[in-house]
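Below are some questions on how the terms used for a fold are justified. Each reply sets a computed value against its criterion.

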Amino acid sequence: MTSTRRAFLGLGVAAAASALGPRPVRAQSASARVVVVGGGFAGASCARALHQLEPRLTVTMVEPNPTFTACPFSNSVIGGLRELSAQQFTYERVAADGITIARTTATAVDPQAKSVTLADGAKLSYDRLVLAPGIDIRWGALPGYDEAAAAVMPHAWRAGEQTLLLRRQLEAMDDGGLVVISAPANPFRCPPGPYERASLIANFLKTKKPKSKLLVLDAKDAFSKQRLFQAAWAELYPGLLEWVSLSKGGNVTSVDPGTRTLVTDFGKHQAKVANVIPPQKAGRIAEVAGVADRSGWCPIDPVTFESKLQAGIHVIGDAAIAGAMPKSAFAANSQAKVCAAAVATLLAGRTPSVPKLINTCYSLVAPDYGISVAGVYQPTNGQLADVPGSGGVSPQGAPRETRKAEAVLAEAWFRTITTEAFG
Amino acid sequence: MRKVVAAAIGCASIAAAAVVSAEPPAGAASCSGCHPSSSRVSSPVAHLAGRDRAEIVKAMQDFRSGARAGTVMDRIAKGFTDAEIQAIAAWYAEQK
């Protein structure tokens, strides 16, 4: 028997004793149990916000990794501008807040019994469950792209070893090589991410291997901050970076890791370095818990982030279908805090108020050239929709001082949000 | 039985009161994505906790009208009504 299981048996005895008293109140009281699965921007922010809003809640965060590796700014690691260690955060301060961290994987959820099963078989009971599992790669959705292929043609779409692998491949490539990025159809984590990555790889090539070429093969005809990216590419990386849209033959239909070849409807591209950003879905536990629909993502109520498929389970961050909100770290953190307030309010037996949420995403086109998109969202007809008249991207044709200022703000944003979630 | 119910109602209302005072108004929870809530963070973006209420209101209204140039705040302020801005400013003014 594990110590975790012993601890739960102990709790069980306490619960049985309290059953003699006013037991129905327990679930409605401030000492209710909330389990958060996932320790990324969404999960860690939510666990902390829950504890801050209602310190008497028992909050347990389930996360197998001792260290979190952040995706925002990981493109700077790939481009040789930053070390991976700057992306990594421990959960020491989250634990110090009074949040119990179960350093293991959640393997099953029983929505009727309201319990989460952990990898060692132990069960965690909850009054409300928050799932923040991020993304999983849809292995096999792109023919030829499986886990073995990712060791040759990295996706680098979950930061860590994959990020370093792509960087090493770029560093090892001879000058004059062809680098290919394959960008997926919507929806996927970090809509401007492939284009920031293309920019920072182009910046690396321009500086270190100027005879090389970068091709972006896209399964879409349009992308986030497109006009800003394309204007910057024309200015900074002419002749080096080429974007191929869906209608121009950009859709990659299969890959061959043996020859690092990407096949499109229009032809084949043999790369020296290939970065395949594959189709994605909500992290595995979402499917196991029955909160993912046929799209692979999780429909939620836009006021509480409670699943539309399973009562008592909330889904936040990249895994959620959040209407107009993109799958970004800012959105995840924003949703986490709104969800935490809704969970605390529901546990107190009251009705959550209608929220408004914000997103801001910065992208670097070069180390000192930042652009942004911002949005404000509110529940509208059961979905999170843009507040009319709000939001938008950085101005087209702005002076370089504006772009420099946004690059500085991007770094400040990273320090702020990672401190709120982990620091 | 009556005693138990009374105790239960007492518990629930204490819990409710604690949550009501802490819960931020619509939109306010998102601000700390960029505006540091921790004094340990070095950032050119203003700390909002404990700031003068009227100052926050004026900043938001000026960003919204275009009287003050912003990088992202001009785009974000357009998503909030006067009443929402007042509520957010009042809430941050009371934070420590």
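Q: In this predicted model, what makes strand 1 and strand 9 of chain A a pair, and in which sense do they run?
A: Strands count as paired when DSSP finds at least two bridges between them. Strand 1 and strand 9 (residues 128-131) of chain A have 4 bridges and run parallel, so they pair. One of the partnerships is A:Val37 with A:Leu131.

Q: How many bridges join strand 1 to strand 2 of chain A?
A: There are 5 bridges to strand 2 (residues 58-62) of chain A, in the parallel sense, so the criterion of at least two is met. Here A:Val37 has A:Val62 as its bridge partner.

Q: What makes strand 1, helix 3 and strand 2 of chain A a right-handed unit?
A: Viewed with the strands pointing away, a right-handed path from the first strand over the helix to the second runs clockwise. The β-α-β unit with helix 3 (residues 41-53) of chain A is assigned that hand.

Q: Why is strand 1 of chain A called largely enclosed?
A: Buried requires 20 or more other C-beta atoms within 10 Å. In strand 1 (residues 33-37) of chain A, 5 of the 5 residues are buried, so the rest of the structure largely encloses this strand. A:Arg33, A:Val35 and A:Val37 point one way, A:Val34 and A:Val36 the other.

Q: Where does the largest nonpolar core lie relative to domain 1 and domain 2 of chain A?
A: Among the residues touching the most other members of this 152-residue core are A:Leu50 and A:Leu131. Both domains give residues to the core, so the core lies between them.

Notes: Residues are numbered from 1 along each chain as its sequence is written. Chains are lettered from A and ligands numbered from 1 in the order in which they are written. This is a predicted model: local features need pLDDT of at least 70, side-chain atom pairs count only at pLDDT 80 or more; totals for chains, interfaces and linings use all residues. A residue is buried if 20 or more other C-beta atoms lie within 10 Å of its own, exposed if 12 or fewer, and partly exposed in between; C-beta atoms are placed from the backbone. Helices (H or I, at least four residues) and strands (E, at least two) are DSSP runs, numbered from the N terminus. A nonpolar core is a set of buried Ala, Val, Leu, Ile, Met, Phe, Trp, Tyr and Cys residues joined through C-beta atoms within 7 Å. Domain bounds come from an automatic or database domain assignment.
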